[in-house]
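Visitor: Could you take me through the salt bridges here, one helix at a time? I'd like the distances and the cut-offs behind them.

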Amino acid sequence: MNHAPGPRSDLVGFSIDLTVEEVRRRAEVVAALGPDWDPVAVLREEQAAHALLYSNLDEEQQRVHAMLVAAGVLPEEVRGRASSD
C-alpha cells in the first residue's frame, strides 16, 4: 500500500509588503532621469519614430503589419496619444 504524504501542517504563512521599496525605486528612477526629462516630448518622439518605421510599406508589408496588429503583437496606432491637446 502506497501512502502519499498529506498536506504539511507545520508550514507557516509568509507575506511581505514591498510597497515602500517600490515607491523608493520609482523615486530613484525619476531622480536619475534628471530635471530636464520631458515625458510628453519623449512620447511624441516615440510616436514619430513609430510612424516613420511603418511608413511607405508596400502592400505585402501592410498586410503583415495589419495581421500583427490584429493578433495583438503590435500596438494599434493611436493618433494624438502623446499630445497635450
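Guide: E22, R25 and R26 are tied together in a network of salt bridges, where a salt bridge is a side-chain nitrogen of Lys or Arg within 4 Å of a carboxyl oxygen of Asp or Glu. By that rule the count comes to four. Before the details, a word on the ground rules: this is a predicted model, so local features need pLDDT of at least 70 and side-chain atom pairs count only at pLDDT 80 or more, while totals for chains, interfaces and linings use all residues. Residues are numbered from 1 along each chain as its sequence is written, and side-chain values use heavy atoms, with hydrogens and water left out.

Back to the network. E22 and R26 meet through their side chains at 2.8 Å, N to O. They sit four residues apart in helix 1, so about one helical turn separates them; helices here are DSSP runs of H or I with at least four residues, strands are E runs of at least two, and both are numbered from the N terminus. In general, an α-helix has 3.6 residues a turn, so residues three or four places apart point the same way. R26 is exposed at 53% relative accessible area, whereas E22 is partly exposed at 27% (buried is under 20%, exposed over 50%, partly exposed in between, with a 1.4 Å probe and protein chains only).

Helix 1 has another pair: R24 bridges to E21, with the closest N and O atoms 3.1 Å apart. These two are three residues apart, again about one turn. Both are partly exposed, R24 at 44% and E21 at 43%. The helix itself covers residues 19-33 and spans 21 Å between its end C-alphas, close to the 21 Å expected (1.5 Å times one less than the number of residues). G34 follows, with a positive phi near 85 degrees.

Now over to helix 3, residues 59-70. There E60 and R63 form a salt bridge at 2.7 Å, N to O, and they too are three residues apart, about one turn. E60 is partly exposed at 43%, as is R63 at 46%. E60 has a second role through its backbone: D58 caps the N-terminal end of helix 3, with a side-chain oxygen 3.1 Å from the backbone nitrogen of E60. Q62, also in helix 3, has a side-chain polar atom 3.0 Å from the backbone oxygen of L57. Just after the helix, G72 takes a positive phi of about 85 degrees.

Definitions and conventions:
Polar contact = N/O pair within 3.5 Å; in protein donor to acceptor, adjacent residues only side chain to side chain.
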